[in-house]
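Here are some notes for reading this structure with the model open beside you. They are meant to be taken one at a time, looking for each feature before going on.

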Amino acid sequence: MNVLATGGRTSLWVSLGAVVLAVGAYLSLAVGVVPIPLSDMLSPDERQWMLLSQVRIPRLVAVLLSGAALAVAGLIMQRVTQNSFVSPSTSGTVEAAVLGILVATLLVPGISLLGKMVVAIVVAVAGTMIFLQLLQRIRHRDPIVVALVGLMYGGVLSAITVFIAYQRDLLQLLEIWTTGSFSAVMSGQYEPLYAVLAVGVLGYVFADRFTVVGMGREFATNLGVSYLRILYTALIILSVMTAVVVVVVGAIPFLGLIVPNVVSMFMGDHVRRTLPVTALAGAGFVLLCDVIGRTVRFPYEIPVATIAGVLGAGVFVWLILRAARRPGATR
Amino acid sequence: MTAVSDRASEILGLHPATGTSVTERERLRSIRRTAVILGLLCAGFAAAYLLWDVKGSWSYALDLRSRQLASLVVVGAAVGASSLVFQTIAGSRILTPGVMGFDSLYVLIQTVIVSVLGPSALQLMGVPERFILNTALLAGFGLLLFRWLFRAHSRNLFVLVLVGIVVGSFFTSLATFASRMLSPDDYLTLQTVLFASFTTVDVQLLGVTAAVAVLGMAALVPLLRRLDVVDLGKDAATGLGLDYHRIVTITLVVVTVLVATSTALVGPMLFLGLLVANLARQIVPTHRHTVLVPVAGAVGVLATVGGQFLVTHVFALNTTLSVVVNLVGGLYFLYLLLKAVRL
Amino acid sequence: MIDIKSVSHSYFDGAPKVLDDVAIDFPPGQVTALVGANGAGKSTLLSAMSRLLVPGSGQVLLDGVDVTKAAPTVVAKRMAVLRQDNRISARLSVVDLVRFGRFPYSSGRLRPECHEIVERALEYVDMTPMRDCFLDELSGGQRQRAFIAMVLAQDTDYILLDEPLNNLDMRHAAAIMQLLRRAADDLGRTVILVLHDINVAASYCDRIVAMRDGRVVIDGSPDEVMRAEVLSEVFGMQIPVHRVSGQLLAMHWAPLPAPALQAV
């Protein structure tokens, strides 16, 4: 693969990541009310296989796919907006998707998962587009201000959602959508998540164009790349990824923000190179959160979103302070 | 020199004792007018809140509504006053305790107390002790946090705001995490202990918070004229002989106490303070905190009492005041950021 | 007298010293200019003198008392300071700002004699017509004059100003310098100011203190400082000095001959 060819350091990170991921994956399969030891993992008895195939493996796949999808969505958003402090979960995309699910549930009672997904995607695309429009209007181009506008915009969208949900007594459902958790994932319910794989491949195909767009409109035009078309492609890809994950497992805060940032710290901003690593790192991060959530208060489960909220907010604060301390940023 | 001075003062219509010109006296009159209108509006909404559309037993309705009204007044006044002085010491119009995650910190502290002491211990403690313990912890932690933030990052306002918001969300997540660590039974107990129910209003809690809020606002009174100077910035205030750090620290303590009272009564209201403090500064264009703080308190009361009245009685919406306030406040905050005028 | 006793300071550990063992004193009744290139430490020294900054080592004595240890209002009645960057978020009218100059005396409750001082300060800086305007409606120069009026209203023996001529047009710059000169000559005030233009310093000040890399390079009368070899040491560039109608003039804007440029 291209990534491996680019240098020893990259391949080192990738292989290190793969090892960590494998250990996490094993833990994810083994941990639970019925533990499955490593010796049985390769030749499970019938009961164990039932458990693995119906619950544990679907859960693992869902964890990996959603982690990778949210991280990549964040990466794409950060590159095309040229701002490392925005992400679908901090700039309104997630909130728009949740609003979409709510609207779908209200308008078409008993709507199918696929139907919800379509509505969520449409509203997420619209919501993200409005955010991009807001960006054009901000007088302060300071990245921190842009991040603030994103957070507030998301806050307003979710206030609208809460307002509607309150009217229809749907707060409890809302809590489920906004608090990502894998406890209900099982065979037959998570398969729509595979859609993110297809979209992810599309993102990889467009990777170089995203990098170019990330250098600015003039730069892109100079290189013969149609700025607006690529911007909207990115918008649709990241909205689809986000909306699909939100519909199936719920929102996971900060993931799309911190993972691409940390990866970019080590690897720079060349999207084609960073995208696979970002996907791996995102999957690993959610895997870690999920395993923690399942073990720390055993036998009860703490939702992945809560763990990610604690870890993610901590890392985000560190990122901001780090950026602010860099010479030129504040003085 | 004096001759010129006399001529100028004649033109300006200087008042010999107060040194005010005609223009200034006009401004003062308009401020007074605004204050009177504000007071009348508050009183009007309060009366309406009590008397509107009472069905069934008058004594029951009046008893319940007066308790609700009292807690709304405490919340509005505390949030208004604390947000306004916080803006001043932070030197920014978009920084309020709510935006900086103060309210979330209060929730976190309560949850941690329950986690550490156990819910039964907390229930044994009684309402006033519990509130005072919470408030003391909040003041301590809040002070530490803000000292650190102000010292390390006072140069960049927006960094401060962003960190504040994320820290707020961090506290919320941490509180959720801590509450999930409890057993389901304890969790239920926590929920009932955590927030006083607004629909019933615990008389004891109301009494304690009202007393603390009055004390807190009384403690602000001697600071008001000094806060006028703090508003000039740290260098200018130091140059004018103000012990800047002492004033800021005392004010921060008072702010945390006031935030605790409002959060204990109705829970976090992220954007109420932002909305109220900026509105107050808009309707009375003065720098004097002796005017600004009472006006902010009154605007706060108007927002909570008037808002609650409109939400529940007039529009009969099935929603809470904080949902509406967050919606309106969020939009207003966005507007401030997009306009970016004198943040 | 302001007495600076071997003050050193750096903004964080390991950073180069912005003040490097500065020892100097300012006797009363003089107008002194602090000059030097950007980053020479002039503003930092002024901040340390006015206790806006606590230096890493050494102390500043105001009539024998350490300024950081004295009661804040006592210092504020003896020494007024105006920083360069005066953006304030409060919506203030000019007269309200100037009234703050009386804060050390009144804690915010002004007495009749305070009002007289305030009006006189406004008159001094030619701001009486704009007395009731709000600061954000003023031009940069008008705002600067309003701040200077506040410092004057503070009615102190020592007046410390950081580049007070910023944003001022020539007429008002000259007026402010004459005003400060008068304050020293007639009222015995001590004025210490950071100045960018060495020629302004030479024509209005009794004494020029030149700094470079956090140290005092030379400290003397305008005649002693206004010499090409001294200026070259302070500013790191060749500046010819001429006497024009009795006034020493450093022609720092004059185009340099090629060899001189290389020397820089």
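1. A domain, as the word is used here, is a part of a chain whose bounds come from an automatic or database domain assignment. With that in mind, chain C is divided into domain 1, residues 2-225, and domain 2, residues 228-264. Please remember throughout that this is a predicted model.

2. The two domains of chain C can be described by distance and by contact. The C-alpha centres of domain 1 and domain 2 of chain C lie 28 Å apart, and 16 residues of domain 1 of chain C are in contact with 14 residues of domain 2 of chain C.

3. The size of an interface is often given as the accessible area lost when the parts come together. Between domain 1 and domain 2 of chain C, the buried area is about 1,100 Å², and carbon and sulfur atoms give 61% of this area. On the side of domain 1 of chain C, C:I198, C:N199 and C:R212 supply 39% of the area buried against domain 2 of chain C, which is more than any other three residues supply.

4. Which residues form the salt bridge between C:D223 and its partner, and how far apart are the closest N and O atoms? The partner is C:R243, and the closest N and O atoms of the pair are 3.9 Å apart. Across the interface of domain 1 and domain 2 of chain C, one salt bridge is found, while the count of residue pairs in polar contact between these domains is two, with both residues at pLDDT 80 or more.

5. Several elements of chain C build the side of domain 1 that touches domain 2, for β3 (31-36), α8 (198-204), β9 (207-212), β10 (215-220) and α9 (222-225) of chain C each supply at least two residues to it. The largest share, four residues, comes from α9(C). By class, the residues on this side of domain 1 of chain C divide into nine nonpolar, three polar and four charged.

6. Elsewhere in chain C, an open sheet of four strands follows the order β2-β1-β4-β5, with antiparallel pairing. Strands β2 (19-26) and β5 (65-66) of chain C stand at the edges and have a single partner strand each, so one side of each is left without a neighbour in the sheet. Strand β1 (residues 2-9) of chain C pairs with β2(C) in the antiparallel sense over five bridges, and the bridge partner of C:I2 in β2(C) is C:F26.

7. The interface of chain A and chain B may be read in the same order of steps. Here 43 residues of chain A are in contact with 41 residues of chain B, and the two chains bury about 3,800 Å² between them, with 78% of it on carbon and sulfur atoms. In chain A, the residues that lose the most area to chain B are A:L148, A:M152 and A:Y166, together 16% of what that side buries.

8. How many salt bridges are found across the interface of chain A and chain B? The number is zero, and the count of residue pairs in polar contact between chain A and chain B, both at pLDDT 80 or more, is zero as well. Helices α7 (143-167) and α15 (304-325) of chain A each supply at least two residues of the side that touches chain B, and the largest share of that side, 15 residues, comes from α7(A). By class, the side of chain A that touches chain B has 30 nonpolar, six polar and seven charged residues.

Definitions and conventions
Residues are numbered from 1 along each chain as its sequence is written. Chains are lettered from A and ligands numbered from 1 in the order in which they are written. This is a predicted model: local features need pLDDT of at least 70, side-chain atom pairs count only at pLDDT 80 or more; totals for chains, interfaces and linings use all residues. Side-chain values use heavy atoms; hydrogens and water are left out. Contact means heavy atoms within 4.5 Å. Buried area is the accessible area (1.4 Å probe) that two parts lose on being put together, summed over both. A salt bridge is a side-chain nitrogen of Lys or Arg within 4 Å of a carboxyl oxygen of Asp or Glu. A polar contact is a pair of N or O atoms within 3.5 Å; within protein, one must be able to donate a hydrogen and the other to accept it, and residues adjacent in sequence count only if both atoms are side-chain atoms. Ala, Val, Leu, Ile, Met, Phe, Trp, Tyr, Cys and Pro count as nonpolar, Asp, Glu, Lys and Arg as charged, and the others, Gly among them, as polar. Two strands pair if DSSP finds at least two bridges between them.
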